[in-house]
Amino acid sequence: MKKKKVNLKDIKSNSENGHSHDNGHNHDGSSSGFKTYIPAVISFTMLIIGIELHYFDVDFFEKWTQIVWYTIAYLPVGYPVLKEGWRSIRRGDVFTEFFLMSIATIGAFAIGEYPEGVAVMLFYSIGELFQGAAVKRAKTNIKALLDVRPNEALVYRTNNYISVSPETVAIGEKVQVRVGEKVPLDGILLSKKGSFNTAALTGESKPDSVLKGEKVFAGSINMDGVIEIQTTKEFKDSSIARILDMVQNATARKSKTELFIRKFARVYTPIVVVLAIGVTFLPYFFIDNYVFRDWLYRALIFLVISCPCALVISIPLGYFGGLGAASNNGI
């Protein structure tokens, strides 16, 4: 299978745009990042107050007051999930984690377990916030790796060194690198010797000494004097470009485990729904003192604990987080 080429000009902009699945939550920027926690804070505060009012048996906190109170507490965290569940159904994807969470929490309200309905959706939303925070941190680490890409090259043309984009430099051209600058392309050292910081490529903090005629890699930082190199590869084939290419493709590519889990969830989730229906109604035929409310309650608990969120989310999140951690450590 032919490998898909990534346009390196777009790598950094793609990272900055932050394209990833985050279930509608925006985690970019400090102020907008704080806003994502507001719905959970509101729901949590109202849930705790409601539980306290019920515990102390406050007079005005009766049935209809409880319904209104907990409905208001539910909406900040529940509405986005209900909305996403409805969108999935319209797309023909009925059995999703959003669908299961919606059924479970609405069912809890239907049997009068209002605090539990709010609590389940609140915990789910908190899990989504942790997921978003982890993905944001991984993106930051990957973006830091992208920032090591050289932006210019001093190439020798028409008897003078001129600053050009590294992508326009051809194989065999002579490039000058000043102290503290990044080597723009892979090449061979023309100067007598040089010392380079290769931490961006190898994670090694100790400077690497290179003698005339030896290889120098793009992304290395020149530590000692002005040097000249002769390019041996185009920018798109240089070491740093290949690293960026691999990282970008790795974040977009689905692992075999993730693909399997997604296929598994598409079969698993409908089975869970059918079993929950069975838990609700089948005991009627086998138990003398059958109480519909009790068995519906057990079925809703079964739906919540059987929701495949942990499986579906943990695999890509762990994979993406691992890439971010590796990028942060120069791997």
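Leaving aside neighbours within four places in sequence, which residues is Gln66 in contact with? The answer is His54, Phe61 and Tyr114. Gln66 sits in helix H4, which covers residues 63–90, and helix H4 is a good place to start a tour. Please keep in mind that this is a predicted model. Its chain has 331 residues, arranged with 11 helices and nine strands.

**The chain as a whole**

- Of the 331 residues, 40% count as buried.
- Among contacts with a separation of 6 or more, 69% are between residues 24 or more positions apart.
- The model contains 11 helices alongside nine strands, and the sections below visit several of these elements.

**How confident the prediction is**

- Mean pLDDT for the chain is 81, with 77% of the residues at 70 or more.
- Strand S4, residues 187–189, has the highest confidence in the chain, at 95.
- Confidence is lowest in helix H1, residues 8–17, where the mean is 41.
- Over residues 1–29, pLDDT stays under 50. For this stretch, the model has 50 contacts beyond four places in sequence.

**Helix H3 against helix H4**

- Helix H3 spans residues 38–55, and its axis comes within 7 Å of the axis of H4.
- The two axes cross at roughly 160°. An angle over 145 degrees counts as roughly antiparallel, and H3 and H4 are therefore described in that way.
- H3 passes H4 in a left-handed crossing.
- On the H3 side, the residues that meet H4 are Pro39, Ala40, Ile42, Ser43, Met46, Leu47, Ile49, Gly50, Ile51 and His54. On the H4 side, they are Gln66, Trp69, Tyr70, Ile72, Ala73, Pro76 and Val77.
- Sorted by class, this contact has 13 nonpolar and four polar residues, with no charged ones.

**A closer look at Gln66**

- Is Gln66 buried or exposed? Gln66 is buried, because its relative accessible area is 14% and the cut-off for buried is under 20%.
- Gln66 is one of the H4 residues that meet H3, and His54 is one of their H3 partners. His54 is also in the list of contacts of Gln66 itself, together with Phe61 and Tyr114.
- Tyr114 brings in another element, since helix H6 covers residues 114–146.

**Helix H4 against helix H5**

- H4 also packs with H5, at an angle of about 145° and with the axes 8 Å apart.
- The crossing of these two helices is left-handed.
- H4 contributes Tyr70, Thr71, Tyr74, Val81, Leu82, Glu84, Gly85, Ser88 and Ile89. They meet Phe98, Phe99, Met101, Ser102, Thr105, Ile106 and Phe109 of H5.
- By class, the H4 and H5 contact divides into 10 nonpolar residues, five polar and one charged.
- Tyr70 is listed in the contact of H4 with H5 and also in that of H3 with H4.

**Helix H5 against helix H10**

- Helix H5, residues 97–110, packs with helix H10, residues 292–306.
- Their axes lie 9 Å apart, at an angle of about 150°. H5 and H10 are therefore roughly antiparallel to each other.
- This crossing is left-handed.
- From H5, Leu100, Ile103, Ala104, Gly107 and Ala108 take part, and they meet Leu300, Leu303 and Val304 in H10.
- Seven of the residues in this contact are nonpolar and one is polar, while none is charged.

**Ala138 and a partner far along the chain**

- Ala138 belongs to helix H6 and counts as buried, at 4% relative accessibility.
- Ala138 and Gly322 are 184 residues apart along the chain, and their C-alpha atoms are separated by 7.9 Å.

**Two loop residues with positive phi**

- Asp57 is a residue other than glycine with a positive phi, near 55°. Asp57 is in the loop between H3 and H4.
- Asp57 has a relative accessible area of 61% and is exposed.
- Thr158, also a residue other than glycine, has a positive phi near 50°. Its loop lies between strand S1, residues 153–157, and strand S2, residues 160–164.
- Thr158 counts as exposed, at 73% relative accessibility.

Note on methods
Residues are numbered from 1 along each chain as its sequence is written. This is a predicted model: local features need pLDDT of at least 70, side-chain atom pairs count only at pLDDT 80 or more; totals for chains, interfaces and linings use all residues. Side-chain values use heavy atoms; hydrogens and water are left out. Axes are lines fitted to C-alpha atoms, for helices over the stretch in contact, and angles run from 0 to 180 degrees between N-to-C directions. Helices (H or I, at least four residues) and strands (E, at least two) are DSSP runs, numbered from the N terminus. Angles under 35 degrees count as roughly parallel, over 145 as roughly antiparallel, 65 to 115 as roughly perpendicular and the rest as oblique. A crossing is left-handed if the near helix is turned anticlockwise from the far one by less than a right angle, and right-handed if clockwise. Contact means heavy atoms within 4.5 Å. Ala, Val, Leu, Ile, Met, Phe, Trp, Tyr, Cys and Pro count as nonpolar, Asp, Glu, Lys and Arg as charged, and the others, Gly among them, as polar. pLDDT is the predictor's confidence in each residue, from 0 to 100. Buried means under 20% relative accessible area, exposed over 50%, partly exposed in between (1.4 Å probe, protein chains only).
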